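Here's a friendly walk through one protein structure, taken a topic at a time. Have the picture open as you read.

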Amino acid sequence: MISKIYKVPTKNFEVCLEVLKSRFIGVLQPIETKDDVLRALEEIKIKYPNARHYCYAYKIFDVSYASGDGEPHNTFAKPVLEMCEKLNLNCYLIIVVRYFGGTLLGASRLLRTYLNTVKLVIDKVSFGRQEKAYVYKGLISYENLAKLKAKKVIQIKEEKHLEECAEISFLTLKEIDELETSFMKINLEKEQYIVI
């Protein structure tokens, strides 16, 4: 089974775009929880007070959400989430702060400007790869342990030497059936995503 590989931002980044005197400030940052989203929104509202709109979109694994903060329908939320999904982004928060410049842009130009702001900030930030990893605990003969270590596909977290075998806890990006190694006993402890 092939697991999905995500791209995650490694640091915060901001860009600014001006269209017909309206200023659009795009912010992209890594997040891990919904509390991170709420905290970041509060900080942005303090850093950029009195803006007309604070549009935002985020995804944390299976949970994604976007708000156009009162902008016309389909000019921010759905198009931004779709763009980020196509790029396999995860654990991100995008905020676009809009200061109104006095001229209405119209729905299509407003949509293009929001998407251009988001694309600009995505193009500027650096990303890491996030991949599903598995933590196993098992009993294995010393001969098979040596073979497994030689493949360099595991990261041993704990190794306990017993008389006839070793008890190990390890992290791997592969499911156990892909490792092709004989364990006397093996249990999946947990699945987690890690940034590589």
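## Two helices side by side

This is a predicted model, and a good place to start is a pair of its helices. Two packed helices are described by the angle between their axes and the distance between the axes. Here, helix α2 covers residues 77–86 and helix α3 covers residues 107–124. The two pack at an angle of about 30°, and their axes are 10 Å apart. As for handedness, α2 and α3 make a right-handed crossing.

Which residues make the contact? On the α2 side they are P79, V80, M83 and C84, while α3 brings in L111, L115, V118, K119 and I122. Sorted by class, that contact of α2 with α3 has eight nonpolar residues, one charged residue and no polar ones.

## Salt bridges

How many salt bridges does the structure hold? The count is 10. Let's look at three of them, beginning with K47 and E14.

K47 pairs up with E14 in a salt bridge whose closest N and O atoms are 2.8 Å apart. K47 sits in helix α1 (residues 34–47) and E14 in strand β2 (residues 13–19), so this pair ties together parts that are 33 residues apart in sequence. Is E14 buried or exposed? It falls in between: with 30% relative accessibility, E14 counts as partly exposed.

## Bridges within a helix

The other two salt bridges each stay inside one helix. D123 and K119 meet through their side chains, with 2.8 Å from N to O. Both of these residues belong to helix α3, where they are four residues apart, or about one turn of the helix. D123 is exposed, at a relative accessible area of 52%, whereas K119 comes out at 42% and is partly exposed. You've met K119 already, since K119 is also one of the α3 residues in the contact with α2.

Next come E143 and K147, whose side chains form a salt bridge at 3.5 Å, N to O. Their home is helix α4 (residues 142–151), and here too the partners are four residues apart, about one turn of the helix. E143 is exposed, its relative accessible area being 55%, while K147 is partly exposed at 46%.

## Cysteines without partners

A disulfide is a covalent bond between the sulfur atoms of two cysteines. How many disulfides turn up in a search of the whole structure? Zero. Take C55: it is in no disulfide, and the nearest cysteine sulfur, that of C84, is 13 Å away. C55 is buried, with a relative accessible area of 0%.

C91 tells a similar story. It is in no disulfide either, and its nearest cysteine sulfur also belongs to C84, 13 Å away. C91 counts as buried because its relative accessibility is 8%, under the 20% cut-off. C84 itself has appeared before, as one of the α2 residues that touch α3.

## R129 and its distant neighbours

Last stop: R129, which lies in strand β7 (residues 127–140). With a relative accessible area of 40%, R129 is partly exposed.

Which residues does R129 touch, leaving aside its neighbours within four places in sequence? The contacts are I5, Y6, I194, V195 and I196. Look at I194 in particular: I194 is 65 residues from R129 along the chain, yet the C-alpha atoms of the two are separated by 8.1 Å.

How values were computed
Residues numbered from 1 in each chain as written. Predicted model: local features only at pLDDT ≥ 70, side-chain atom pairs only at ≥ 80, totals over all residues. Heavy atoms only, no water. Axes fitted to C-alpha atoms, helices over the stretch in contact; angles between N-to-C directions. Left-handed = near helix turned anticlockwise from the far one by under 90°. Contact = heavy atoms within 4.5 Å. Nonpolar A, V, L, I, M, F, W, Y, C, P; charged D, E, K, R; others polar. Salt bridge = Lys/Arg side-chain N within 4 Å of Asp/Glu carboxyl O. Buried < 20%, exposed > 50% of the residue type's maximum accessible area, 1.4 Å probe, protein only. Disulfide = S-S within 2.5 Å.
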